[in-house]
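Hi everyone, thanks for coming along. I'd like to walk you through a structure that may be new to most of you, so please have a look at the screen.

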Amino acid sequence: MKSFWRFIFRKNLPSTSLCQMDFAVLGLGDSSYAKFNFVAKKLHRRLLQLGGTALLPVCLGDDQHELGPDAAIDPWLRDLWEKVLGLYPVPLDLGVIPPGVPLPSKFALRFLQEAPRKCSVEQHVARTEPPSSPSELQPFLARMVTNQRVTGPSHFQDVRLIEFDITDSGISFAAGDVVLIQPENAARHVQHFCQVLGLDPDQSFTLHPREPNVPCPERLPQPCSVRHLVSQYLDIASVPRRSFFELLACLSPHELEREKLLEFSSAEGQEALHEYCSRPRRTTLEVLCDFPHTAAAIPPDYLLDLIPPIRPRAFSIASSLLAHPAKLQILVAVVQYQTRLKEPRQGLCSSWLASLDPGQGPVQVPLWVRPGGLTFPQTPDTPVIMVGPGTGVAPFRAAVQERVSQGQRGNFLFFGCRRRDQDFYWEAEWTELEKRGCLTLVTAFSREQEKKVYVQHRLRELGPLVWELLDHRGACFYLAGNAKYMPADVSEALTSIFQEEGGLSGPEAAAYLAQLQRALRFQMETWA
């Protein structure tokens with residue numbers, strides 16, 4: 001994709017390069033992000049510039065829409081096939097697969113009559129001896145050292161500071177990097193899933209692709225046990241998408257259940273599906289329990305077509321190797337909330353991590369590291385302004401530790417939380433660094449006074465300092481935290497500072513901010 005992108009935007013490409021090409025661009029985006037569907041819009045415009053003919057206007061799927069991206073995609077796809085089949089009719093000798101008939105499964109599962117002599121899982125999964133560099137296919141099994149709750153007992157959210165020992169792992173990282181953790185399903189959910197589908201968790205199988213040149217999933221050992229497949233690979237705790245219901249309807253032998261599944265997979269049934277599944281965050285396992293006759297009849301061959309793999313979760317690294325050699329720390333907000341369903345909804349990875357107790361015996365977690373979205377200046381005299389409310393402060397703790405260890409001053413941290421005594425992460429550490437003159441800390445405790453005070457209010461109050469640092473001292477500005485309102489509020493506070501302190505007009509202030517972004521002097525890492 002990077003090579004294609006660089007090529008397609010070469011200035012020397014003639015404007016007739018694609019004059020014989022018909023195209024259509026479908027973008028999958030999320031309107032909670034500032035650059036909503038940026039790539040799709042830019043690509044559509046560029047293909048037009050190069051002489052291509054757009055079959056349809058660009059489609060902008062939005063994950064924030066209550067019906068998800070399908071709200072935009074369904075009507076667009078209908079129009080697309082109408083256009084395409086008009087231009088390129090289906091050959092008369094080519095049969096169309098009728099609705100309700102499933103495509104063959106991608107893989108065949110061949111069950112073994114007896115358990116394999118050697119546990120292939122042990123050979124395949126992460127090792128405690130490092131490869132050259134741990135990765136998704138070869139993570140490092142890191143020993144969990146501590147798993148400590150750092151919010152007060154009466155605070156609404158359980159937030160954990162977790163430390164891993166990465167001695168001899170070959171892992172190195174810098175401030176701004178992220179660690180990826182491969183979670184697993186809860187044992188009770190694995191057992192329940194096997195019961196509902198009539199599977200023996202201790203039975204082993206080998207996987208065989210039905211088509212040539214189709215590789216088996218590299219994360220699965222061969223042979224593999226059903227327990228390993230369900231606990232470590234199939235994302236049975238995810239909220240299923242429409243395609244799940246479509247395939248399930250094809251596989252269902254039960255008339256009433258099949259009718260309901262067909263409704264959920266139709267364009268007309270999307271509001272009903274949203275009410276049943278997306279809004280209450282009903283999981284794949286819970287859906288299968290609601291369709292017991294269908295679940296019991298699912299051919300095991302279709303499990304990998306039906307249920308997506310568990311994806312690794314990324315966490316900002318909250319420590320520096322210069323301050324904590326051979327250790328890696330993360331700050332984890334445990335995701336748990338109530339919907340109209342009886343059982344509380346839980347984040348798969350955060351709940352799994354919170355359940356692990358190294359005090360009860362050795363605990364190992366598969367992980368690896370990759371560069372993050374934040375890079376900090378290497379020049380010793382460049383000040384940094386860091387805005388990190390809540391758990392957004394995690395990457396800035398790594399940055400402060402790294403910079404202080406290297407003797408870099410000019411560290412300005414704006415931290416916000418609800419209450420000083422409940423969720424003020426690393427208070428003692430910040431206080432000590434302030435005393436040593438290594439850090440300037442500005443706090444906003446939103447619930448400690450009648451009118452809520454957030455980090456953007458503190459930025460405005462210290463507008464002269466912020467302007468001085470950015471405009472006269474070449475400071476870099478960093479922002480991390482929730483993507484919902486905070487990034488827009490902070491950007492707004494900055495543009496008003498540029499106007500009030502720098503005497504810029506509205507458009508000039510916006511251009512100044514854009515210039516900071518282009519020069520990587522304003523960087524953001526946010527999450528939904």
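Let me start with a small puzzle: does Val 335 count as buried, partly exposed or exposed? While you think about that, please keep in mind that what you see is a predicted model.

Right, here is the reply. Val 335 counts as partly exposed, because its relative accessibility is 36% and that category covers what lies between under 20% for buried and over 50% for exposed. You can find Val 335 in the loop between E12 and strand E13, which spans 336-337. Setting aside neighbours within four places in sequence, Val 335 is in contact with Arg 345, Gln 346, Gly 347, Ser 350 and Ser 351. If you follow the chain to Ala 354, 19 residues apart from Val 335, the two C-alpha atoms are separated by 10.0 Å.

Now let's zoom out to the whole protein. We have 20 helices and 20 strands here. The C-alpha atoms fill a box of roughly 75 × 65 × 50 Å along the principal axes. For 528 residues, a compact globule would have a radius of gyration near 24 Å, and the protein's 26 Å agrees with that. Buried residues make up 47% of the 528. Of the contacts with a separation of 6 or more, 73% are between residues 24 or more positions apart. As for the outside, the accessible surface comes to about 27,400 Å², and 53% of that belongs to carbon and sulfur atoms.

Staying with the surface, there is a nonpolar patch I'd like you to find. Leu 77, Trp 81, Leu 85, Val 90, Leu 94 and Val 96 form it, with about 570 Å² of accessible area together. One of these, Val 96, is in the loop between helix H3 (70-87) and strand E5 (107-111). Val 96 is exposed, because its relative accessible area of 66% is over the 50% cut-off.

Next stop, helix H14, residues 394-405. H14 has twelve residues and reaches 17 Å from first C-alpha to last, close to the 16 Å expected at 1.5 Å a residue. So how many of its twelve residues are buried? Eleven of them are, so H14 is largely enclosed by the rest of the structure. Among the buried ones are Phe 396 and Val 400, and also Arg 397, Glu 402 and Arg 403. What do they pack against? The partners are strands E11, E12, E16, E17 and E19, together with helix H16. After the helix comes Gly 407, whose phi is positive, near 80 degrees.

I have two more residues for you. Ser 491 lies in helix H19, residues 486-502. With a relative accessibility of 17%, Ser 491 counts as buried. Not counting residues up to four places away in sequence, Ser 491 touches Leu 513 and Phe 522.

Finally, Ala 267 is in the loop between helix H8 (255-265) and helix H9 (270-278). Ala 267 is partly exposed, at a relative accessible area of 31%. Beyond its neighbours within four places in sequence, Ala 267 is in contact with Asp 74, Arg 78 and Arg 242. By contrast, Met 21 is 246 residues apart from Ala 267 in sequence and 30 Å apart in space, C-alpha to C-alpha.

That's my tour. Thanks for listening!

Notes: Residues are numbered from 1 along each chain as its sequence is written. This is a predicted model: local features need pLDDT of at least 70, side-chain atom pairs count only at pLDDT 80 or more; totals for chains, interfaces and linings use all residues. Side-chain values use heavy atoms; hydrogens and water are left out. Patches are made of residues with over 30% relative accessible area and no salt bridge: like charges are joined within 9 Å, nonpolar side chains (Val, Leu, Ile, Met, Phe, Trp, Tyr) within 5 Å. Accessible areas come from the Shrake-Rupley method with a 1.4 Å probe; for residues, only the protein chains shown count as cover. A salt bridge is a side-chain nitrogen of Lys or Arg within 4 Å of a carboxyl oxygen of Asp or Glu. Helices (H or I, at least four residues) and strands (E, at least two) are DSSP runs, numbered from the N terminus. Buried means under 20% relative accessible area, exposed over 50%, partly exposed in between (1.4 Å probe, protein chains only). The expected span of a helix is 1.5 Å times one less than its number of residues. Contact means heavy atoms within 4.5 Å. The radius of gyration is taken over C-alpha atoms; the globule rule is 2.2 Å times the number of residues to the power 0.38.
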